[in-house]
Amino acid sequence: MLTILKTTYLESSRKFHQIILGLLAASVIFSYCVDLGTDLKTMIFYLVLLCGCFAFDLFYAKYSQRAEYYSGIYVYKVFVFIGGMIAGCFIGALPIPVLVMFIIYAILMICESVLLNDVYDIMLTYRDYFFLTTMLALAAILPYRDMFDKAIAILLLVGGVFLFMVVHLLRQITIQSMIYMDRQYTNIFFKNLDVEEENTALVDMQTRLEEVNETINYQRIQLNDALSDLKKRSAETSALIDITQYFTSTFDLTESMDFMIQSLVKLKDANICCFLIEKDVCLNEELIFEAYTDKNYGRERLKKETYQIFQDFKKSGSREPMIICDNYDQFLPYFERRGCCITALPAYEQDELYGVLIISGEKYDFFYSGYDFYKTTLGNFTTAMIKDRLYLTTEDMAKKDGLTKIYNRIYFNQVYPDMLQAAKDNNGTISVLMLDIDHFKNVNDTYGHLAGDEAIRSVARSDWEVAKKYGGMAVRFGGEEFLLILQDTPLEKAKEIAAELHERIRTTTIHFEDYEININTSLGVANYPSTVQDTELTLDRSDKAMYYGKTHGRGRIIVDGVDNIDP
């Protein structure tokens, strides 16, 4: 540090030296011009000396950065300058004021050599300082040697010794000061290094702590997200278990659909959830549609748009969920005004599309966790639907006639007593229509038994369609005999229905191979309590009315107790 300070001082003092040299040169010239005792030779000598010193400063400024010029170069200027002053004494004397200026400058350079002794590796000894001070004393005495006696000369020499002692003391103080300051600087330097290392370590530790803190915060966020996801998954799993248990507890497809929709709405906080199943999927003769919406209007519009989406899934064959507002080209008024968080999921049984589930929520992250839960729910529903269909098919086979697919006599015998009891307990009515195909044997004999089977299926179809229209029950009673049971239907209405059924059968042409076959029936009608007061006799009285028609011209409708039938 001291070396740097000294070097900085020397760099900044060069111009100062050049200014002093210029002032000294000006004083020499001035003393000559005003005739203060300086002759021409003396002026020229001292100007040459000063110019040499000035050239040394320029040379030093140019090469001071080169190491080979560092060692001892400055002290040469001091010796040359003082030696030049001594040599000048033999050429001519300078005026006392000018000489004093030269002496002061020489003392300045001696002091600088002392201060800069260790900077440029100047190896000055006590002898060197003695020579310098002695030479400076001579330079001060010699020009005016004639003016002093021996006592004054001795005094001047003593003054030179004193100057030497002062310079020596200055050198010792400087050296000790430099040693002390170097030690202090070294201690401070290493303390600063330790502090910097500690600061660096603290900064590194702080950085690591910040990184650890960020990692902990990130892990905390991840843990919270994981816990939130775990809660959601747990709720979804619980809901799936409940839905699956409900599926296994019932064979009613509509009830299963409704329970699934309500569970999804409750779990997911959905504002729309609807499920559509195509007809003839699970013995359902009509399309089934169940829906929840937070608005009480637009159910038919919702059903229509859902069926439209179902048809488009059917055409495309896609199995992936579809965000309606992003992927749907057609305008869907109901869905369009509910926002974009509406997704349709196709329901497949193997490779056959049978339905579509549409669900919507108002939250922007409603489907953030994906669609796996909904796909799993649909998969469980599909499994339950297959189970229901198997059960219902088995049950249907037990209830219905294998040829005609309407109810058989066995099932009729099971439920008919309950119908009669209900009519009796509730003071209601029940109408029984029995019909028999006229000349059925001729159909078999003429066209074959397969044609006869087709004729039976045709009559059963007409019976079933009329029963469905009026909320009745169509039954194949045996062979070519059929029943139509109408609950809560008065006699007059039953007669109208009987006429409609009779006409439908009569006008229906049966196409078998290349033949067109037309058949007719005899039909008997009995009603409790209009024609029969005992419910147990209603079936028998309709049979007798039908038999009366067959024996009195066939192709007729006979009403029990009205068309000449004795009670």
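The following dialogue asks how some labels for this predicted model are earned.

Student: Why is Tyr411 called buried?

Tutor: Buried means under 20% relative accessible area. Tyr411 has 17%, so Tyr411 is buried. Its place is in helix α12, residues 409–425.

Student: What is Tyr411 in contact with, leaving aside its neighbours within four places in sequence?

Tutor: Lys399 and Met473. Contact here requires heavy atoms within 4.5 Å. In addition, the C-alpha atoms of Tyr411 and Val475 are separated by 8.9 Å, although their positions lie 64 residues apart along the chain.

Student: Why is Leu40 called partly exposed?

Tutor: The class runs between the cut-offs for buried, under 20%, and exposed, over 50%. Leu40 has a relative accessible area of 43%, so Leu40 is partly exposed. Leu40 is found in helix α2.

Student: What makes the nonpolar patch on the surface?

Tutor: Tyr32, Leu40, Ile44 and Val48 form it, with about 350 Å² of accessible area together. A patch residue needs over 30% relative accessible area, and Leu40 has 43%. Helix α2 (residues 40–63) gives the largest share, three residues.

Student: How do you know that Glu320 and Lys375 meet in a salt bridge?

Tutor: The definition asks for a side-chain nitrogen of Lys or Arg within 4 Å of a carboxyl oxygen of Asp or Glu. For Glu320 and Lys375 the N to O value is 4.0 Å, and the pair is listed as a salt bridge. The two are 55 residues apart: Glu320 is in the loop between α8 (299–316) and β3, and Lys375 is in helix α11 (residues 372–399). Lys375 is partly exposed, at 38%.

Student: What about Lys550 and Asp436: buried or exposed?

Tutor: The cut-off for buried is under 20%. Lys550 has 18% and so counts as buried. Asp436 has 5% and so counts as buried as well. Their side chains meet in a salt bridge at 2.7 Å, N to O. This pair links distant parts of the chain, with Lys550 in helix α16 (residues 538–551) and Asp436 in strand β6, 114 residues apart.

Student: Why are Lys441 and Asp445 separated by about one helical turn?

Tutor: Because they are four residues apart in helix α13. Their side chains meet in a salt bridge at 2.8 Å, N to O, and both Lys441 and Asp445 are exposed. Elsewhere, Glu465, Lys469, Glu500 and Arg504 are joined into one network by salt bridges that share partners.

Student: How many salt bridges does a search of the whole structure find?

Tutor: It finds 18.

Student: How do you know which residues of helix α13 are on the same side?

Tutor: In α13 (residues 440–447), Phe440, Val443 and Asn444 are buried. They cover an arc of only 95° around the axis, so they sit on the same side of α13. Lys441, Asp445 and Thr446 are exposed on the other side. The cover over the buried residues includes β6 (430–437) and α14 (449–470). Just after the helix, Gly448 takes a positive phi of about 100°.

Student: What makes β2 and β3 the edge strands?

Tutor: The sheet is open and has five strands in the order β2-β1-β5-β4-β3, with antiparallel pairing. Strands β2 (288–293) and β3 (322–323) each pair on one side only, and they are the edge strands.

Student: How do you know that β5 pairs with β1 and with β4?

Tutor: Pairing requires at least two bridges between the strands. Strand β1 (residues 272–277) and β5 have six, and β4 (residues 342–349) and β5 have eight; both pairings are antiparallel. In the first, Phe275 stands opposite Leu357 and Cys273 stands opposite Ile359. In the second, Thr343 stands opposite Ile359. The hairpin of β4 and β5 has two residues between the strands, and Gln350 there takes a positive phi near 60°.

Student: Why is β5 called mostly covered?

Tutor: Strand β5 spans residues 352–360, and eight of its nine residues are buried. Each of those eight is under the 20% cut-off.

Technical notes: Residues numbered from 1 in each chain as written. Predicted model: local features only at pLDDT ≥ 70, side-chain atom pairs only at ≥ 80, totals over all residues. Heavy atoms only, no water. Buried < 20%, exposed > 50% of the residue type's maximum accessible area, 1.4 Å probe, protein only. Arc of directions from axis to C-beta. Patch = residues over 30% accessible without salt bridge, like charges linked within 9 Å, V, L, I, M, F, W, Y side chains within 5 Å. Areas by Shrake-Rupley, 256 points an atom, 1.4 Å probe, with all protein chains shown as cover.
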